[in-house]
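Me: Could you go through the labels used for this model with me? I would like to see how each one is earned.

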Amino acid sequence: MKNITVIGAGTMGNGIAHTFAQSGFKVNLADISQAALEKGLKTITTNLDRIIAKGNLTEAQKQETLANITTFTSVAEAVKNADLIVEAATENLGLKLKIFQEMDENAPEHCILSTNTSSISITKIASATQRPQKVIGMHFMNPVPIMKLVEIIKGYSTSSETFDAVFQMSKTLGKVPVEVNDYPGFVANRILMPMINEAIETLYNGVAGVQEIDTVMKLGMAHPMGPLQLADFIGLDVCLAILNVMYDGFKNPKYAPNPLLVNMVTAGKLGVKSGEGFYDYSESKKAEKVAKMFLK
């Protein structure tokens with residue numbers, strides 16, 4: 001597999017494109033929004049500059065990585081020569097089914113169709129195609145260029161040949177692939193999201209404040225990031241979508257999203273990407289922090 005197509009230029013999509021391109025693959029990055037593509041390329045460039053600053057990449061390698069990426073606003077054009085496609089669109093079943101149908105209709109017969117879904121059934125996604133044996137989950141972790149884990153999720157019809165090819169491909173990227181079966185939330189989010197939801201429940205019930213809850217988990221459980229800060233980083237809308245998938249899939253009240261999470265998403269407070277979630281990430285807040293540094 002030499003030609004890779006990534007569908008979606010958002011946080012996960014541009015990170016996946018970056019990772020493949022830096023590993024020497026030719027990458028077609030597709031998004032319906034030209035602005036999203038430009039923003040994605042800017043993010044990739046910024047992240048490559050950070051790697052250079054740490055002494056782990058040269059300017060020439062950065063230019064080679066960027067040269068490996070070609071952008072498209074047409075899925076049909078982006079996938080026509082692909083050996084592997086990684087779909088990284090919004091966590092919405094209807095949208096993913098539509099994209100997979102379009103991918104299936106336009107990609108070569110040998111092409112493997114993968115999804116970076118956090119929780120949606122691979123079997124259900126594969127049902128939108130005529131090649132369910134070639135549909136698989138590749139759940140990367142954020143930030144993709146840094147995090148080693150990739151959950152490799154087999155659907156009901158995923159062939160052993162498809163699984164083996166994607167498993168080995170993940171190793172080529174310097175990742176650590178882990179085999180997972182097709183159940184709501186898989187492994188990572190089936191364990192992580194109830195913890196985040198319980199942290200929100202703890203806040204909702206007035207047991208402790210945001211910073212206090214995160215401090216307990218960081219210092220007491222050795223987590224690098226508290227659950228509320230992590231929720232902001234993931235995106236509260238994404239957390240809500242995953243919890244809803246698990247609640248619908250298991251019909252178990254322990255997966256029901258907390259009302260505070262639902263209200264925050266409804267109000268547009270989505271975390272880092274919206275500038276506010278459980279913490280304030282607005283420009284004015286950043287300026288305030290800088291001012292305090294100089295006043296010390």
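**Labels and their cut-offs**

Reply: Happy to. Glutamate 276 is partly exposed, because its relative accessibility is 35% and the term covers what lies between buried (under 20% relative accessible area) and exposed (over 50%), with a 1.4 Å probe and protein chains only. This is a predicted model, in which local features need pLDDT of at least 70 and side-chain atom pairs count only at pLDDT 80 or more, while totals for chains, interfaces and linings use all residues. Residues are numbered from 1 along each chain as its sequence is written, and side-chain values use heavy atoms, with hydrogens and water left out.

Me: What makes lysine 269 and glutamate 276 a salt bridge?

Reply: The term asks for a side-chain nitrogen of Lys or Arg within 4 Å of a carboxyl oxygen of Asp or Glu. Here the closest N and O atoms are 3.2 Å apart, and the pair forms a salt bridge. Lysine 269 has a relative accessible area of 32%, so this residue is partly exposed.

Me: How many salt bridges are there, and which residues are joined into one network?

Reply: The structure holds nine. Asp49, Glu59 and Lys62 are joined into one network by salt bridges that share partners.

Me: Why is lysine 273 called exposed or buried?

Reply: Lysine 273 has a relative accessible area of 53%, so it is called exposed. Its salt-bridge partner is aspartate 237, at 2.8 Å from N to O. Lysine 273 lies in the loop between α12 (259–266) and α13 (283–295) and aspartate 237 in helix α11 (residues 236–250), so the bridge ties together parts 36 residues apart in sequence. Helices (H or I, at least four residues) and strands (E, at least two) are DSSP runs, numbered from the N terminus. Aspartate 237 is at 27% and therefore partly exposed.

Me: What makes β1 and β2 paired strands?

Reply: Pairing requires that DSSP finds at least two bridges between two strands. Strand β1 (residues 3–7) and strand β2 (residues 26–30) have five, in the parallel sense. Within this pair, isoleucine 4 stands opposite valine 27 in β2.

Me: Which strands are at the edges of the sheet, and why?

Reply: The sheet is open, with eight strands in the order β3-β2-β1-β4-β5-β6-β7-β8 and mixed pairing. β3 (69–72) and β8 are the edge strands, because each has a single partner strand and one side without a neighbour in the sheet.
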